[in-house]
Amino acid sequence: MNMNNTDYIVIKAKDNGVQVIGLTRGNDTRLHHTEKLDKGEVMIAQFTEHTSAMKIRGKATLYTKHGEVEIDE
Ligand code: TRP
């Protein structure tokens with residue numbers, strides 16, 4: 001395991017059906033996993049050797065080392 005990939009973000013769903021979508025690392029960038037959160041659920045998601053990016057769909061608050069992001073639409 002590459003120990004450089006230890007960053008994580010916290011996602012708090014503000015609505016039902018928020019999606020956390022993982023995108024693959026490497027030459028081929030594709031979606032590899034979708035997690036659905038209901039209102040009030042919190043997910044702590046890490047960047048790994050398999051996951052280089054995440055796409056969040058729906059109303060949520062993101063907490064990252066770069067700051068807080070409110071998604072309101
Ligand atoms: N098997 C995935 C991985 O190790 C699990 C995962 C980690 C994931 N972070 C994620 C899935 C973020 C979706 C979003 O990379």
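Me: In which strand is the place of Thr61?
Reply: Happy to help: Thr61 sits in strand S6, residues 60–64. Strands here are DSSP runs of E with at least two residues, numbered from the N terminus. Please keep in mind that this is a predicted model, where local features need pLDDT of at least 70, side-chain atom pairs count only at pLDDT 80 or more, and totals for chains, interfaces and linings use all residues. Residues are numbered from 1 along each chain as its sequence is written, and side-chain values use heavy atoms, with hydrogens and water left out.

Me: Why does Thr61 count as buried?
Reply: Buried means under 20% relative accessible area, exposed over 50%, and partly exposed in between (1.4 Å probe, protein chains only). Thr61 has 6% relative accessibility, so Thr61 counts as buried.

Me: What makes the link between the side chains of Thr61 and Glu70 a polar contact?
Reply: The two side chains are joined at 3.0 Å. A polar contact is a pair of N or O atoms within 3.5 Å; within protein, one must be able to donate a hydrogen and the other to accept it, and residues adjacent in sequence count only if both atoms are side-chain atoms.

Me: And why does Ile44 count as exposed?
Reply: Ile44, in strand S4 (residues 42–46), has 60% relative accessibility, so Ile44 counts as exposed.

Me: How do you know that strand S2 and S5 pair?
Reply: Pairing requires that DSSP finds at least two bridges between two strands. Strand S2 (residues 18–24) and S5 have six bridges, in the antiparallel sense. Gly22 stands opposite Met54 in S5.

Technical notes:
Helix = DSSP H or I, 4+ residues; strand = E, 2+ residues; numbered from the N terminus.
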